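User: I'm new to this one and would like to go through it step by step. Could you show it to me first?

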There are 4 protein chains.
Amino acid sequence: MQLLYGGGPMTGSAADSLTARYREVRGATEALAAPLAGEDQTPQSMPDASPVKWHRAHTTWFFETFVLEKAAPGYVAFDPAYRVLFNSYYNAVGEQYARPDRGLVTRPGIAEVARYRKHVDDAILGLLEAGSLAEESRSVVELGLHHEQQHQELLVTDLKHLFGQNPLHPVYRERAEASASAPESKWHAMERGLYEIGHHGEGFHFDNEAPRHVAHIEAFELATRPITNGEWLEFMERDGYARPELWLSDGWAAVQTRGWNAPEYWTSCDGVWHQYTLAGLRAVDPAEPVTHISVYEADAYASYAAARLPTEAEWELVAAAQPVAGNFAASGRLHPAAAGDETGLRQLFGDVWEWTRSAYSPYPGFAAAPGALGEYNGKFMANQLVLRGGSCATPAGHVRASYRNFFYPDARWQFSGVRLARDLR
Amino acid sequence: MQLLYGGGPMTGSAADSLTARYREVRGATEALAAPLAGEDQTPQSMPDASPVKWHRAHTTWFFETFVLEKAAPGYVAFDPAYRVLFNSYYNAVGEQYARPDRGLVTRPGIAEVARYRKHVDDAILGLLEAGSLAEESRSVVELGLHHEQQHQELLVTDLKHLFGQNPLHPVYRERAEASASAPESKWHAMERGLYEIGHHGEGFHFDNEAPRHVAHIEAFELATRPITNGEWLEFMERDGYARPELWLSDGWAAVQTRGWNAPEYWTSCDGVWHQYTLAGLRAVDPAEPVTHISVYEADAYASYAAARLPTEAEWELVAAAQPVAGNFAASGRLHPAAAGDETGLRQLFGDVWEWTRSAYSPYPGFAAAPGALGEYNGKFMANQLVLRGGSCATPAGHVRASYRNFFYPDARWQFSGVRLARDLR
Amino acid sequence: MQLLYGGGPMTGSAADSLTARYREVRGATEALAAPLAGEDQTPQSMPDASPVKWHRAHTTWFFETFVLEKAAPGYVAFDPAYRVLFNSYYNAVGEQYARPDRGLVTRPGIAEVARYRKHVDDAILGLLEAGSLAEESRSVVELGLHHEQQHQELLVTDLKHLFGQNPLHPVYRERAEASASAPESKWHAMERGLYEIGHHGEGFHFDNEAPRHVAHIEAFELATRPITNGEWLEFMERDGYARPELWLSDGWAAVQTRGWNAPEYWTSCDGVWHQYTLAGLRAVDPAEPVTHISVYEADAYASYAAARLPTEAEWELVAAAQPVAGNFAASGRLHPAAAGDETGLRQLFGDVWEWTRSAYSPYPGFAAAPGALGEYNGKFMANQLVLRGGSCATPAGHVRASYRNFFYPDARWQFSGVRLARDLR
Amino acid sequence: MQLLYGGGPMTGSAADSLTARYREVRGATEALAAPLAGEDQTPQSMPDASPVKWHRAHTTWFFETFVLEKAAPGYVAFDPAYRVLFNSYYNAVGEQYARPDRGLVTRPGIAEVARYRKHVDDAILGLLEAGSLAEESRSVVELGLHHEQQHQELLVTDLKHLFGQNPLHPVYRERAEASASAPESKWHAMERGLYEIGHHGEGFHFDNEAPRHVAHIEAFELATRPITNGEWLEFMERDGYARPELWLSDGWAAVQTRGWNAPEYWTSCDGVWHQYTLAGLRAVDPAEPVTHISVYEADAYASYAAARLPTEAEWELVAAAQPVAGNFAASGRLHPAAAGDETGLRQLFGDVWEWTRSAYSPYPGFAAAPGALGEYNGKFMANQLVLRGGSCATPAGHVRASYRNFFYPDARWQFSGVRLARDLR
């Protein structure tokens, strides 16, 4: 049997581990939603974002549809209407409730969604504990947990976008003020050569990280840390948002059309720039990495700084030699943190997703899986750009050096930031 | 002192009556919202509709802004941010939170809104019971109660529109199936002559119902009952939605653009027309008045039936001689009912608002009140048409023969229906 | 035989007169187009406007479709494809080429359109001169000539809108600078009473001017002249475009959405207001009537001036006693002129169409004609307002006191202006 | 002095050659426009397309702005307003007339545009013939000629789009029916290896074709010819436009939103598929390469055929070994031709631009030129995909193996087609 997604057959202890991880990941979603009332969990702030309640139900639908309906004889669906209602985009499964209308689904309410989750959890855990799930389904459970972790991050960023529209600046989680500084940014050089890119080794990975393949890369340098708010303020003061020569054509059109003059969530109060955070409205801290910028802004900044964005291969090349550690969601901060005084490569993982200039495309030899799960990644390989490294809202343990995140170039509601690169000649 | 809105000075018992009515009307709003969870009360299904929670807060804001802030020395606002957040359209009061974004206001939640209502109710009732409110402010309280009754109807129709988007067809209130028939429609004739139109007598009325004025009206006939679903089905079967010669030009454009082929909320299940109601999805009852139609549809039907829509003056002329009784919200049905076998003029009041062909314009001699409350009605006198008679969602006692409701010609989410008229020569 | 449009049977000399008028009116259209190259006659500046070439072809189509196809045995269509291509909005005739795409029809070119006109003219004139056209068709020819005159005015205003987009400010026709003044505006009073409104007597009229009917009108005053540019500049200086309390709600929304801060075609050059005219860009003359305003602006001005717009019945009542004379297209000026020093009622006819507050609705007893020509007026009786009196682009002899023009409230590209009214108590 | 665009210093004969080429290229534009009247040259069918007249003026503006204004002392602009009016997108030059409104510029007419061209041609040729132009300006003239050739192709495709909206199906140029067949498609294999990609050698090239750089390419096969209409019809018959599993997510959304069910310009007449061509409406020829498809359609076809699109590097690798010959604009056909019976690699150049799956991105080491001309290519390196090989509307001699054309993925009005590739393992 061929595993759709990487990782070898699991041993007995792996089985135990899957059950434990199932409990842990599913519990983490509920912990994120716990402070939120029905009012908070229901609306949708824009078509790209989804309600908290929807994330909780859709991740459950994933297990119900791809595990229970396929591999649990006699399983009775919690509500057959959910098959359509909580299908995100799997055409092979069938019809989907219109994405822009997710915020109109007042029923099921949050109590009913909790019951739905329990209904599915009981069935999955029953199968896992009985050891009656075939290897293929076990690998789909594994995929479902990584899928759920992705939605945990989206739950946070979508909630931030919703709360960010509210003039009362709601607090989701209090955050202690951190007072730190950012080290001087330096350049980390890499030599020209043939390198291998993409996932290797055991461990889970998404299909889009494979196959591992050879790439020829010219000599380059990568900045040792992301751009900070302080640097961004300087860009703004030097009319960065008003100089078309710095911008890609589509980026400049976006600036004009949408009136961008600062990152998303920034607002000027009495002449001082503030930003909405999940701890409420706070003055912008110059030492923190800048975040909530589109790739257009990232690219314009790079032009301004006489540099460029890295390619995803360049980024991976550097990151592969670094430990996967940083300010992830587990820190509880849910906001980027200043790098501190330490020098050397900093913050490749966590804090902010780093825009690359690479279009999200299939690797040489890539083939999507057959069936509905083949829709997971492959069909989005158009018009989006790759981001790397995870953010302060990414569950710990979810990312790795080969991990490819992707968003449209004008997206700003993720914790996206920018790290510079430049040619080395 | 000049009263902004009709009605003479109130005596002692009127004072008691105002206090009692305040309790009653405010309580009625809460009773409508009581079965609804935070999830149900928060989203907004379209810019024209508002969340249930918003209706509860905005009606409270009305009393806070126009009574307490003006006439209650030392009153402390519940939350100063609400002044903007719950201002609907009063430019003279100041900025307004963007109407299309009302569904994004997750906070305050419904518990907080309940506290807001209590805070304001305590203050108003304190003033009323102390007898310390000047006549002018008392008349604003009176206006505020009629304003709140209007929002009670909107709360119901907006909720229906929201629930109507949900494929699960939520039930707001169970409704027993009624089995009744509709009498044959006949014609009620009126002679040519000079008539007085507009409000007269004591009792509250909105400024747009005045001044009472003389109108010359040609002889005409008004149908004894509204058009039924059965008659509408016949219109549909005879290709009513596909024959441009029946339609106003703008109406035909709406049919094409929006794909209208039946009233709002109608859907065909296995070849049988059903309609979403606040008691869930039900088969269309041929004996009930048709509802949720635009004036374009009403006008096309009139053309099809070789008749026309009445003018508002014609309608008022006939209605003024009838008792104000019918299927209002108090019946608990929240759905139009069949007229039954009785003949004669039926259902002028209640069941469905009846579209007229009259543009919503100022009566001769009309002048809007000075200040913010002058924005209540006058500034909407463009592009809308008048509807008359109240509906199954109108609070009992709220309408009268001179009452002018008004909506844009393409609006379908109110309980709007059609009664025919024709020239008598 | 019943005539669709007013006027008794024509005698022999009327027959001669019809032939002569046909030549005259058709020639007048060609004279308007003569200075315009193929480039000028082809584009469409907005969906509401049509190319010059289209006006020339569509008016020809009218005679071909409603006269020749019906009443000329053996007539061979110039090009059968034109039946669709130049049908404006007659559903009963069949399909129509999409209105917003009229500017994409490069072929037929202007030479071909001229041939089309000659082909149809030859056929019509042959029938007229042979005296072989039945009375009914003769009345359709009469209607076609009035129809063509309406399109002559639209040809001018649509061309102005097209040229008005061109930064080179093209000159269509040179115009000598006139230096005149405007008299003080006074009030012309009318008594309360029962009046007859609508067309009467012989002579042509459109169906929407009938039936003549009785209306009760309260005492009122009408201004002796329209508002001037000088008065409008004062309105602007006093923040007229920035004070929401002056505006209808939909009007204020239009101001916000479209950024209106002056009439259409006005632009400030070095601090001096200029306006694009068909003679090029000129400094605004304070003595001329203001023009190219929406009814929203007219209404806001009236609020600012503590007055109101007249109803169409009020306007007609006053105008019916005045001679139909003024600055029409025949003056060659194609621009409003200052009233001069003479006092008394001025400029009711010509110069600028005067917005009324009356919705364009059917008169009591109105019935549209059967068949395609019934679509001429009746189906537009929704969402538009009535303007009265003709403009500097109206062919002389085309208007009369009972003439009802109609446009959507936000339309600004016609020569529309404002004359105030007020209640007389 | 550094040349902005490739090619070494020109010798004397090169100088003569530049003068001759200037005459030739400028004349070719006028030859394309010659059969078109003012009506044809003026309208704009969509924001992405431009009027013929505009292409003639803008290409002239290019020489005026970048050569004459910089290097011709005493040059007097033909009309200073043209600096804005005919600036396409060069922010460094200044303001630009709004792109979507290009079709509203009736003046200057085509005669005036011809005078403008002559005015500039006289000045340029004077300088060229006097030998008084510095090397840098000569290289800008060279660039201007390649720029003009690009606009020659756009002139043809934009005209086709305009004529394609006309229900009369105008004929731009008669075309003899060709009766040919297409050979069986085979696979041309390439081995895995390190290759050099990008322009090399002398001769002109655009900045985006450089620097030449090393790429590692896996073994692959390229189809010997593009997909034909016959194959596309089979795709349609097998429900290719109705099977979401074949489509990229954004592609499927485009199919739904725009109702695509066939290539652009295809229409079914009595059950037979026809396509609008510059020789009028013709039955679809199964042997010709399919054209006017988006990359979404190309990609869906590749999925259907169990293949994929080539990368631009793969395409270039194969094409670099082939002669640059094929069905270009010089054939006069302006329509793709069937390949004929010959086997082997066919039609890499000419006929149809071939979509690749490569995002239009900078090559490693790419740097845009400083100043306005740096806006030529670099700022468009977002959201577009690369097409290769030229088409039946490309001027002969304009393309080469390293030439990178680029359009948005949903663009269909270019002569775009598809050639398959697949992995070789």
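User: Is B:Ala287 buried or exposed?
Analyst: This is a predicted model, where local features need pLDDT of at least 70, side-chain atom pairs count only at pLDDT 80 or more, and totals for chains, interfaces and linings use all residues. Residues are numbered from 1 along each chain as its sequence is written, chains are lettered from A and ligands numbered from 1 in the order in which they are written, and side-chain values use heavy atoms, with hydrogens and water left out. Buried means under 20% relative accessible area, exposed over 50% and partly exposed in between, using a 1.4 Å probe and protein chains only. Because its relative accessibility is 11%, B:Ala287 counts as buried.

User: Where along chain B is B:Ala287 placed?
Analyst: Helices (H or I, at least four residues) and strands (E, at least two) are DSSP runs, numbered from the N terminus. B:Ala287 belongs to the loop between β7 (280-283) and α9 (295-304) of chain B.

User: Which residues does B:Ala287 touch, leaving out those up to four places away in sequence?
Analyst: Touching, or contact, means heavy atoms within 4.5 Å. One partner, B:Ala339, is 52 residues apart from B:Ala287 in sequence, yet their C-alpha atoms are 7.6 Å apart in space. The full list is B:Ala180, B:Ser181, B:Ala182, B:Thr228, B:Ala338 and B:Ala339.

User: Let's move to the chains. What area is buried between chain A and chain B?
Analyst: Here 29 residues of chain A are in contact with 30 residues of chain B. Buried area is the accessible area (1.4 Å probe) that two parts lose on being put together, summed over both. Carbon and sulfur atoms give 61% of it, and the total is about 2100 Å².

User: Which three residues supply 33% of the area that chain A buries against chain B?
Analyst: No other three residues of chain A supply more of that area. They are A:Glu39, A:Leu104 and A:Arg107.

User: How many salt bridges are there between chain A and chain B?
Analyst: A salt bridge needs a side-chain nitrogen of Lys or Arg within 4 Å of a carboxyl oxygen of Asp or Glu. A:Asp40 forms one with B:Arg107, and their closest N and O atoms are 2.9 Å apart. The count between these chains is two.

User: Which element gives the most to the side of chain A that touches chain B?
Analyst: α2 (38-41), α4 (82-85) and α6 (135-163) of chain A each supply at least two residues there. With three residues, the one that gives the most is α2(A).

User: And how many salt bridges are there between chain C and chain B?
Analyst: In this pair, 29 residues of chain C are in contact with 29 residues of chain B. The two chains bury about 2200 Å² between them, 51% of it on carbon and sulfur atoms. Still, the salt bridge count is zero.

User: How far apart are the nearest C-alpha atoms of chain A and chain C?
Analyst: These two chains do not touch. Chain B and chain D have no contact either, with their closest C-alpha atoms 14 Å apart. For chain A and chain C, the value is 14 Å.

User: One last thing: which residue in β10(C) is the bridge partner of C:Val386?
Analyst: Two strands pair if DSSP finds at least two bridges between them. Chain C has an open sheet of four strands in the order β10-β9-β8-β11, with mixed pairing. Within that sheet, three bridges join β9 (residues 385-388) to β10(C), and the two run antiparallel. The partner of C:Val386 is C:Phe406.
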